[in-house]
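Biologist: Can you walk me through the sheets in this one? Let's have the structure up first.
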Amino acid sequence: MTGRITAVLGPTNTGKTYLAIERMLGHASGMIGFPLRLLARENYDRVVRHKGVRQVALVTGEEKIVPPGARYFLCTVESMPLDRPVAFLAVDEIQLCADPERGHVFTDRLLHARGAEETMFLGAETIRPLLRRLVPAAEIVTRPRFSTLRHAGPRKLTRLPPRCAVVAFSAAEVYQLAEVVRRQRGGTAVVLGALSPRTRNAQVGMFEAGEVDYLVATDAIGMGLNLDLDHVAFARLTKFDGIGTRRLSAPEVAQIAGRAGRHMSDGTFGTTNGVGPLPEALVEAVENHRFEALRHVQWRTRDLDFRSPRALLRSLDRPPPRPELVRARDAEDVAALAALAGDAEIAALACHPEAVRLLWEVCRIPDFQKTLSDQHVHLLGRVYRFLRAPAGRLPEDWVARQIARIERTDGDIDALAARIAQVRTWTYITHRGDWLAGAAHWQERTRAIEDRLSDALHERLTQRFVDRRAALLVRRLRTGDALLAALKPDGAVLVEGQYVGRLEGFRFRVDTAVAGEEAKPLLSAARRALIREIPARIRQLEQDSDAAFVLCADGRIAWRGVAVARLAPGVDALHPQIDPLPSEFLDARARARVHRCLSGWLERHIAARLGPLLRLAAAVGRLSGPARGLAYQLGETLGAASRAAVAAQVRALSRSDRKALAGLGLRLGRESVYLRGALEARSAALRALLWAVHAGVSLPVPTVEEVRAPSFPVGEDMPEGLCLALGYRRFSPPAGTGAAALAVRVDVLERLAYAAHKLAARGPFAATARLRRLAGCDAGALAVVLQGLRYRMLRTEAGVRFVPRRRAASAGKTEGPPVAKRRRRRAGRTGDPDSPFARLRELEVGR
């Protein structure tokens with residue numbers, strides 16, 4: 001066949017494929033070979049929309065749709081039916097003639113595939129010199145890129161712009177990068193060479209629909225994907241090419257980077273920070289589309305010798321006839337042929353040219369798993385043995401068993417990808433209609449299995465690498481669109497219909513399923529969505545009655561059951577500070593309003609329960625010096641103090657001071673000074689909390705039952721100050737006794753001290769049942785209290801007895817009331833010379 005031959009060369013985004021389809025549709029018939037099944041399918045759908053399904057055929061290794069009257073054929077390069085004459089023929093990406101694995105197929109089409117009226121080769125400028133020598137009749141047309149491609153330098157992975165693709169060269173690296181992007185940006189689509197077209201299209205569809213703004217891929221995006229990309233970032237600049245690891249060439253970088261900027265939209269490319277900058281020479285070459293020309297293309301003879309398997313292998317090893325051609329390295333089909341030819345049984349079956357030709361067809365069954373394993377060779381051997389059996393077909397029960405093993409949608413991403421590769425091999429086999437009965441049935445079944453596996457793989461990829469909620473919110477925030485938010489009565493926050501967390505008081509709690517960096521976009525979305533809700537909540541706080549507030553045992557103030565502030569030390573225990581809990585939504589003015597409202601409530605709350613203490617504090621200014629000091633000290637201890645601790649102030653009180661203090665409810669007892677009305681059990685927890693907040697400690701508070709009891713045992717972690725705030729005095733046992741400390745209520749202690757004093761006036765006394773009832777404890781605990789009341793414990797034959805302990809008066813210490821009173825009387829008698837008792841000293845009294 002002869003006709004016009006044209007080579008349309010140029011970088012990506014020059015409209016070459018569009019031109020070829022337009023030219024084909026201008027002829028009565030045509031055929032285009034594409035490098036990928038995905039591209040063939042995409043352009044098949046496009047031509048069907050123009051010409052109708054009856055005039056268009058799709059021919060790939062795994063899919064054949066050939067209507068009887070088909071005039072236009074969209075194919076993979078390997079599957080082009082060259083025995084069918086057409087007016088127009090084109091081959092896309094013709095520079096792949098240099099590809100080490102598939103290049104020999106493209107070279108064969110370059111040298112031998114022609115249309116009767118027009119032939120067109122589409123590709124990169126790098127093949128121009130070789131094309132001139134190999135096809136001298138070709139007219140070469142150069143097409144410029146529609147948009148500009150510019151280098152943007154390295155960027156951090158977390159700082160990449162939206163509508164960006166991140167490129168790596170292994171599945172493990174792609175998964176790792178996709179995890180990072182999911183955490184930072186809410187999600188990413190994933191494209192790998194191992195994905196089926198259906199899965200790849202579904203992933204790309206998410207990106208194109210704007211569900212995610214990022215794409216992490218291998219170099220599989222370099223061909224066959226027209227994407228709305230603005231930027232391509234290389235996360236690695238080396239790849240494994242089947243033999244070893246090497247750096248990417250400038251044309252390979254350009255092929256991938258050229259995905260950025262489609263039609264008239266400019267694009268950028270660069271690297272991630274871990275890779276470093278691209279060499280200046282490479283950047284210049286990519287930006288200006290100037291690359292070193294190809295020096296040779298891959299070639300394999302089409303003149304095959306089918307006399308025997310060994311003869312076939314020798315013919316495949318034939319050297320190329322021209323210096324521009326290099327013999328292709330042994331591809332998968334040649335490696336499989338060599339392995340099967342060494343099998344004596346296979347060699348015996350391949351005993352004539354037709355049998356050898358069949359063996360070669362079997363060896364060309366692709367291994368989509370790319371494992372080059374013995375398992376694939378074993379499968380090819382089984383297929384050939386069945387085809388050489390008398391039936392000459394594959395047994396349907398055997399085919400059914402093989403396919404049933406992979407008809408499962410469980411497992412992880414890698415397991416599903418492996419099953420898809422296996423079913424693609426079986427899809428290829430079923431499209432050999434002469435190899436098995438009911439080929440159409442098996443084609444439908446394998447296609448259905450591939451579709452189910454592809455859908456399951458898409459679902460797994462989406463589950464792992466896409467957080468639809470965060471991706472949606474990030475996209476809304478970027479565009480500045482108003483967020484549609486709703487706050488449910490229970491505090492649940494919905495943004496764009498997605499649950500993102502809960503509003504507790506004035507703080508937003510991010511959904512517990514989200515952690516780390518994922519919380520950032522959610523918090524940003526909530527802040528913008530709740531901008532009107534927080535002022536309304538503050539108004540509600542200010543309008544609510546006191547019943548809506550509660551002071552919790554841990555020092556926090558709850559509003560409507562949710563903590564909104566905590567207590568902090570203030571000027572004194574009765575006047576703690578209030579700190580609203582941190583919130584992203586409260587500015588200084590809003591915090592001041594919350595503080596003012598809660599402060600007013602707390603003042604009323606304390607006044608209602610600790611009125612006597614507040615009245616005592618308010619009267620300090622009207623009292624004299626000693627009385628003022630005593631009142632101040634009782635305010636610090638919240639209503640009770642040891643008599644010994646305030647002995648100096650008590651001794652200095654005048655009669656009027658005592659009267660004024662008594663009017664305020666202050667009682668000067670034998671052992672304690674305390675404010676009667678301030679020590680009620682119902683306010684004990686509040687007093688204990690206020691003391692702990694002022695002291696800056698966090699301590700367990702006794703239960704209501706304990707603070708109503710006459711006494712209760714205390715541990716080492718309960719200080720004297722907390723006991724006094726509760727209205728109790730703490731008594732610790734002498735060292736080494738092993739007894740427990742005891743807290744005794746101050747009013748009970750007064751009655752106990754008086755009863756003990758009356759017993760002591762008669763001599764040594766025992767811990768009687770009446771004393772134990774008064775103290776509410778056993779004899780051992782009572783002994784600790786009595787020793788604290790300055791009684792000495794004696795062990796006698798009659799049992800344990802207690803006697804007063806004499807102590808010299810000293811600074812800061814006081815004597816028991818009976819002893820002190822007697823000494824004052826004696827001092828009065830001897831100190832006054834006019835006293836009648838003074839004359840008795842002068843008398844001598846005989847026996």
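Modeller: This is a predicted model. One open sheet has eight strands in the order β4-β3-β5-β2-β6-β7-β1-β8, and its pairing is mixed.

Biologist: Which strands stand at the edges of that sheet, and why is one side of each left without a neighbour?
Modeller: The edge strands are β4 (64–65) and β8 (139–142). Each has a single partner strand, so one side has no neighbour in the sheet.

Biologist: Are β3 and β5 parallel or antiparallel?
Modeller: Parallel, with four bridges between β3 (residues 56–59) and β5 (residues 72–76). Within that pair, Val-56 is opposite Tyr-72 of β5.

Biologist: And what does helix α2 touch?
Modeller: Helix α2 (residues 37–51) packs on the sheet and touches β2, β3, β4 and β5. The direction of α2 is at about 165 degrees to that of β5.

Biologist: What about helix α1, which strands does it lie across?
Modeller: Helix α1 (residues 16–25) lies across β1 (4–9), β2 (30–34), β5, β6 (88–91) and β7 (118–123). It runs at about 170 degrees to β7.

Biologist: Switching to the six-stranded sheet: what is the order?
Modeller: β9-β16-β13-β10-β12-β11, open, with parallel pairing. At the edges are β9 (149–155) and β11 (189–191), and since each has a single partner strand, one side of each lacks a neighbour in the sheet.

Biologist: How many bridges join β11 to β12?
Modeller: Three, to β12 (residues 214–217), with the two strands running parallel. Val-190 sits opposite Val-216 in β12.

Biologist: Which strands does helix α7 touch there?
Modeller: Helix α7 (residues 250–257) packs on this sheet, touching β9, β10 (164–167), β13 (231–234) and β16 (267–272). Its direction makes about 140 degrees with that of β13.

Definitions and conventions: Residues are numbered from 1 along each chain as its sequence is written. This is a predicted model: local features need pLDDT of at least 70, side-chain atom pairs count only at pLDDT 80 or more; totals for chains, interfaces and linings use all residues. Side-chain values use heavy atoms; hydrogens and water are left out. Two strands pair if DSSP finds at least two bridges between them. Contact means heavy atoms within 4.5 Å. Axes are lines fitted to C-alpha atoms, for helices over the stretch in contact, and angles run from 0 to 180 degrees between N-to-C directions.
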